[in-house]
Every structure is written in C-alpha cells, then in structure tokens.
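Dear colleague,

Please find below the sequence and the structure that I am handing over to you. My findings follow directly after them.

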Amino acid sequence: CIEHILGVTSKTEHCKKCLTDGDRPMIGDKVAVHYTGKLINGKKFDSSMERKKPFTFSLGKGQVIKGLDIGVSSMQRGEVCMLLCKPAYAYGSAGCPPKIPPNAMLQFEVELLSFQGEVLTDDGGITRRIKVKGEGYNNPNDGSTVHVHLEGRCEERLFDSRDVHFVVGESEDMGVPLGVDRAMEKMQKGECCMLYLKPKYGFGKEGRAQYKIGPNSDLVYEVTLNNFQKAKESWELDQKEKLKLSATAKQKGTQYFKAGRYLQAVVQYQRVVLWLEMEFGVGKEEQQKLQDFLLAAQLNLAMCYLKLREYALVVENCNKVIELDEKNEKALYRRGKARLFRNEFSLAMSDFKLVLQVNPSNRAARDQVSICQRNIREHHEKDKKIYANMFQKFAERDIKSLSFVSVCSNRQGRERGGGGRTVE
C-alpha cells in the first residue's frame, strides 16, 4: 500500500491510502466513481454502491467536497483508495444535516471507474483536458487577440511547435485549425490544455501538405494561453462600428467560403448576425442598409450550411430572410434545396414554384420542380409496392388461417362421428 498526504498546509488535512493501481484524470474531466462515505465512528451516511449507479461529476469544478476533488484528481483509472477528509475538506462547521454533524471528519472508500475529457461541441468534435488551470474567470471572446504556445501532433508525431498570436475567429489566417480557435473562448490566461480534434475541426478531408497531414486525420494540440486582449462586446459597439466590422466580416467570410473553409465562413457571417439582428436604423436609408447586410449574412449562412449538409440550419436561416423579404428568390431556392435533400419533396416543390412566381425565367428552379415531381412519383410507386406486398402477405396469412380452421373442424367432426357408433 502507498500512503501520502494531499493538502495545502503542513498539517495532515487530507490523507489518502491507495489499495490498488491503474492513468489519471485532469481538471474538467467528467469522472465516474463508486464511493462509500462513513463518519469517523464507522457509521455509513452514503453509498453509490447501494444505489447500484456510479456517481459522475466534473473534476476540479467545485461540484463535490474539496477532499473528493483533490483525492480523485490524484487517482489512476481502476484505482481504489481510502480518503480521510478533515472538516475543512468536507462539510466544515455547518455539516450536512441530518446525516453529517458539524466539524465532522469523513472517510471515503473511492473507486475511479472511468473519466473522459470535456466535450466542447455538440458533435463531439473537440475535447479538452486541462493540464494546468488558468487564472481567474476571464475568457477571450470572439475577436480577441490571443497569444499562445502550441504543439500539434498527429499519431504522436510532432508537426507544429511555435508561439503564435491570432484573432479568435480568424485562426485559419495563421495556419491554426478551427478546433484550437473555438477552444479559446473556454480558456483562462495561463491555462495549458490538451485538445483532441476530429478532422472537421482539424485539417478536414483535404489534410495539410505543409505538415504532411493526410485527409481526415485526428489531431492533438497542447495549447498554453499566455495572454489575450479582449475585443469589444456587441453592446459596447455603436451602430457605425458594427456596420464597419460587418463589412470586414462579410468580406472575410466570402474569402473563406471561396477557399472551401465553410465552418470558418460560418463564424464570420454569424458575427454579422450577432451585431445587426437587433439594430434599427434612424432613417429609411439607414434601416435598408442594416437589413441588406443582415439578409446577405443569413443567405450566406444558408449557403454554407448547404455545403456542410446541415439542412435544418439552412431552412432556419432562409426562414429568417423570408420573414423580412417573403419574395427573396435566393432564400426560397436554398430552402427548397435543403428540403429536397431532406426528402421533403412536396415542400421543396412548393418553394421552387414560389421561386418561379418571383422569377419565371429561373431555369434552375424549373429543373428542380421536375426533379421533385419525379421523386414524388417514385416515392408513390415504392409505397404502392410496399402496401401491395403487405396486403398480399396479410391475404396469404388469412387463407392459411382459414385452411387451418377448416381442417381442424373436419377432423373434429370425424372424431365425433366415429365415437357415436354402436354395435347392432
């Protein structure tokens, strides 16, 4: 057995005794443990084992008592240990009535079952594990200038190591992948973390010849945020500043789009929407200028999402445009395309017909109407075949059932007839 002390003072505030061995979690990891908690007199007050369900929490985030946070952070996967926590590392002078009295020393038997990094995106494309916690609670925002040291690896091969500064939302300009850029808004000054990037947030299906990275490669970056200067928040900008920034973001978004960097383009167009969607112009001309910028950004977002096959988001952005301009040809057409890709053929055809009402010479929309009509016919034919086969099977089953009943009835009749004979 190994015994050592974890704490912040020279006194024995928090004692840990290891019973078995196993790789350690990092700050922010979601950990799963089994534990049994007892008072120092041996009286049990809680046990996940009895509930037959592991207890999960985010490490180092203050979601559990200090003793558990510190103790579990020192454990290895599969390890079982005893934690002895003095009141300052448990529930202190308040206790936790009715089970835990004030100033109680607690004993925990803890088994670390599993842990995983903090997932930063809904699609699981970026996972963060914090090696060194940062200072305070201030984070870079979109548009901040960040100064970082980074080391990039692919299959354990170091391909990039440098100090670099970039604007959050524009890391592509410095050859830094989108996944690192998106993680910046979660980091604090001085933080060092590991970022695990899926290809979508790395160098994508193209790879990066400069670093000898092949297509669809997973990447691992170790990133240290040395310093940053925050950008103005939207509410701190006046309308003139917002319009100027929107023009720059729109231009940069178009550059990214033409280069096939659709996710990076999305970031730029989303900035325009954030800045302008709640703005109102003083005069008619100024209001029209704001609306033109906003509609262009939402139309461009719809086009990006078409490329990314995020069809629900295409429809969402087109709907916003149509709310402001119900005869917007591009919005109707792009919504129709998204609905067609979602096999919503009737809705798609309605959109393309609306396009033709706006512009009867739109040949692309006319072609799409024909495609929708063909798909609807094919869909109906498939339905007919499915239902025909289904009814045929039902009919065959009914015939078999009737035949079986008939055979059984005849057999029973013969048996009753034979049993009723007498010898004369």
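Which residue in strand 9 does E118 stand opposite? The partner of E118 is R128. Before this pair is placed in its surroundings, please note that the structure is a predicted model.

Overall picture

The chain has 424 residues, of which 42% are buried. Its secondary structure consists of 10 helices and 13 strands. The surface that the chain exposes comes to about 24,600 Å², and carbon and sulfur atoms supply 51% of that area.

The confidence of the prediction deserves attention at the outset. The average pLDDT of the chain is 88, and 86% of the residues score at least 70. Two stretches should be read with care. Over residues 1-13 the pLDDT stays under 50, although the model has 25 contacts beyond four places in sequence for them. Residues 418-424 also have a pLDDT below 50, and this stretch has 0 contacts in the model beyond near neighbours in sequence.

The open sheet

The pair named at the start belongs to strand 8 and strand 9, which run antiparallel and are joined by 2 bridges. These strands form a hairpin with 6 residues between them, and in the turn G124 has a positive phi of about 70°.

Strand 9 also pairs with strand 12 (residues 192-197), in the antiparallel sense, over 6 bridges. Here I130 stands opposite C193 of strand 12. As for its surroundings, strand 9 is largely enclosed by the rest of the structure, because 5 of its 7 residues are buried.

These pairings are part of an open sheet of 6 strands, in the order 8-9-12-13-10-11, with antiparallel pairing. Strand 8 (118-119) and strand 11 are the edge strands, each of which pairs on one side only. As general background, the strands of a sheet pair through backbone hydrogen bonds, either parallel or antiparallel.

Aromatic rings and a charge over a ring

A search of the whole structure finds 11 aromatic pairs. One of them is formed by F159 and Y221, with an edge-to-face arrangement, a distance of 5.8 Å centre to centre and an angle of 85° between the planes. This pair links distant parts of the chain, since F159 lies in strand 11 and Y221 in strand 13 (residues 219-229), 62 residues apart. Both F159 and Y221 are buried.

Elsewhere, ring pairs link Y35, F45, F55, F57 and F108 into a cluster. In addition, R77 lies over the face of F115, at 4.1 Å from the ring centre.

A buried residue in strand 7

Is L112, a residue of strand 7, buried or exposed? L112 counts as buried because its relative accessibility is 0%, and the cut-off for burial is under 20%. Not counting residues up to four places away in sequence, L112 touches several residues, among them P25, V31, V72, R77 and E79. The C-alpha atoms of L112 and E79 are separated by 5.7 Å, while the two residues are 33 residues apart along the chain.

Unusual backbone geometry

Most residues other than glycine have a negative phi, and most peptide bonds are trans. Three places in the loops are therefore worth examining against this background.

The peptide bond from P97 to P98 is cis, with omega near 0°. P98 lies in the loop between strand 6 (80-85) and strand 7 (106-116).

E156 is not a glycine, yet its phi is positive, near 70°. This residue is in the loop between strand 10 (145-154) and strand 11 (157-167). E156 counts as exposed because its relative accessibility is 77%.

R309 likewise has a positive phi, of about 60°, although it is not a glycine. R309 is found in the loop between helix 6 (284-308) and helix 7 (311-324). With a relative accessible area of 66%, R309 is exposed, because the cut-off for that class is over 50%.

I suggest that you begin with the hairpin of strand 8 and strand 9, and then follow strand 9 to strand 12.

Yours sincerely,
A colleague

How values were computed:
Residues are numbered from 1 along each chain as its sequence is written. This is a predicted model: local features need pLDDT of at least 70, side-chain atom pairs count only at pLDDT 80 or more; totals for chains, interfaces and linings use all residues. Side-chain values use heavy atoms; hydrogens and water are left out. Helices (H or I, at least four residues) and strands (E, at least two) are DSSP runs, numbered from the N terminus. Buried means under 20% relative accessible area, exposed over 50%, partly exposed in between (1.4 Å probe, protein chains only). pLDDT is the predictor's confidence in each residue, from 0 to 100. Contact means heavy atoms within 4.5 Å. Two strands pair if DSSP finds at least two bridges between them. Rings of Phe, Tyr and Trp (its six-membered ring) pair if their centres lie within 6.5 Å; planes under 30 degrees apart count as stacked, over 60 as edge-to-face and the rest as tilted. A charge sits over a ring if NZ of Lys or CZ of Arg is within 6 Å of the ring centre and within 35 degrees of the ring normal. Accessible areas come from the Shrake-Rupley method with a 1.4 Å probe; for residues, only the protein chains shown count as cover.
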